[in-house]
Amino acid sequence: ISVVQLDPDSAHPKLVISPDGTAATYTDTWQEVPENTIRFDTTLNVLSLCGFGDGRHYWEVEVGGKTYWELGLAYPSIPRKGRAEACWLGRGAHSWGLEFFDGVYTAWHGSAAHQLPVTRRFDRVGVFCSFPGGLVSFVGADGSITPLFSFCAGTFSQQLHLAVCPGHDHQGTNCKPI
């Protein structure tokens with residue numbers, strides 16, 4: 001398992017990135033951050049600082065105590081400006097995502113939603129990617145590994161970055177970082 005640092009330059013202005021770059025927290029306050037071409041301006045996303053273009057990779061993301069979150073993998077070319085559906089994780093061809101909202105898990109890619117028949121709330125979710133195999137998998141990672149959903153992506157056309165969205169405050173129930 002490798003430690004991932006989040007790229008504060010890509011973070012939506014309502015996200016606070018921890019000083020060590022390992023966590024993102026939603027705030028109602030618009031942060032005074034410089035505008036740039038890689039910053040998400042509508043969706044509450046942030047990408048990892050480093051991407052990868054080969055090999056196999058696995059990360060675990062802390063999601064315990066949250067009622068809404070999204071995580072996944074994205075090409076650096078994921079749209080970041082405006083309200084286009086493709087800016088959301090998994091909603092376009094440039095990302096693969098897993099969403100948790102009000103107890104429901106949904107896997108997304110290319111705007112196709114796959115609601116999962118999972119009722120257990122996980123505190124940790126794993127993201128596995130095999131670049132040579134063209135595979136993106138999500139697993140529950142509390143103790144044992146519980147398969148949640150896999151995408152057979154085929155051949156990846158660009159580097160991939162870990163992507164997270166801690167979600168909005170969800171009526172005060174979603175204040176923990178991701």
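**Figure 1. The side chain of Asp142 reaches two backbone nitrogens.** In this predicted model, the side chain of Asp142 comes to 2.8 Å from the backbone nitrogen of Asp123. The backbone nitrogen of Arg124 is reached by the side chain of Asp142 too, at 2.9 Å. Where does Asp142 lie along the chain? Look for Asp142 in the loop between strand 10, which covers residues 135-140, and strand 11. Which residues does Asp142 contact once its neighbours within four places in sequence are left aside? They are Arg120, Arg121, Phe122, Asp123 and Arg124. Arg124 also belongs to strand 9, which covers residues 124-130, and that strand is part of the sheet in the next view.

**Figure 2. Four strands make an open antiparallel sheet.** Follow the strands across the sheet and you will meet them in the order 4-9-10-11, with antiparallel pairing. Why do strand 4 and strand 11 each have one side without a neighbour in the sheet? Strand 4 (56-62) and strand 11 (146-152) stand at the edges and have a single partner strand each, so one side of each is left without a neighbour in the sheet. On average, neighbouring strands here are turned by 15 degrees against each other, with direction ignored. As a reminder for any sheet, strands pair through backbone hydrogen bonds, and the pairing can be parallel or antiparallel.

**Figure 3. Strand 4 meets strand 9.** How many bridges join these two strands? Seven bridges link strand 4 to strand 9, and the two run antiparallel. To find one of the pairs yourself, start at Trp59: its bridge partner in strand 9 is Val127.

**Figure 4. A second open sheet is built from six strands.** The order across this sheet is 3-12-5-6-7-8, and the pairing is again antiparallel. Which strands form the edges? They are strand 3 (46-47) and strand 8 (112-115), and each of them pairs on one side only. At one edge, strand 3 pairs with strand 12 (residues 161-165) in the antiparallel sense, over two bridges. Val46 is a good place to begin looking, as its bridge partner in strand 12 is Val164.

**Figure 5. Strand 6 is largely enclosed.** Strand 6 spans residues 95-101, and six of its seven residues are buried, so the strand is largely enclosed by the rest of the structure. A residue counts as buried when its relative accessible area is under 20%. In the sheet order 3-12-5-6-7-8, strand 6 sits between strand 5 and strand 7. With strand 5 (residues 68-74), strand 6 shares seven bridges in the antiparallel sense. One pair to pick out is Gly72 with its bridge partner in strand 6, Gly97.

**Figure 6. A hairpin connects strand 6 and strand 7.** On this side, strand 6 pairs with strand 7 (residues 104-109) over six bridges, in the antiparallel sense. Phe101 stands opposite Val104 in strand 7. How many residues lie between the two strands of the hairpin? There are two, and Asp102 in the turn has a positive phi of about 50 degrees.

**Figure 7. Ser111 and Gln171 have positive phi values.** Ser111 is found in the loop between strand 7 and strand 8. Its phi is near 70 degrees, a positive value in a residue other than glycine. With a relative accessible area of 35%, Ser111 is partly exposed. Now move along to Gln171, in the segment after strand 12. Gln171 is not a glycine, yet its phi is positive too, at about 60 degrees. Is Gln171 buried or exposed? Its relative accessibility is 77%, so Gln171 counts as exposed.

**Figure 8. Stepping back to the whole chain.** The protein chain has twelve strands and zero helices. Its radius of gyration is 15 Å, close to the 16 Å that the globule rule gives for 178 residues, so the chain is as compact as a globular protein of that length. Along the principal axes, the C-alpha atoms fill a box of roughly 40 × 35 × 30 Å. Of the 178 residues, 47% count as buried. The chain exposes about 8,200 Å², and carbon and sulfur atoms supply 55% of that area. Among contacts with a separation of 6 or more, 60% come from residues 24 or more positions apart.

Conventions: Residues numbered from 1 in each chain as written. Predicted model: local features only at pLDDT ≥ 70, side-chain atom pairs only at ≥ 80, totals over all residues. Heavy atoms only, no water. Pairing = 2+ DSSP bridges. Axes fitted to C-alpha atoms, helices over the stretch in contact; angles between N-to-C directions. Rg over C-alpha atoms; globule rule 2.2 N^0.38 Å. Buried < 20%, exposed > 50% of the residue type's maximum accessible area, 1.4 Å probe, protein only. Contact = heavy atoms within 4.5 Å. Areas by Shrake-Rupley, 256 points an atom, 1.4 Å probe, with all protein chains shown as cover. Polar contact = N/O pair within 3.5 Å; in protein donor to acceptor, adjacent residues only side chain to side chain.
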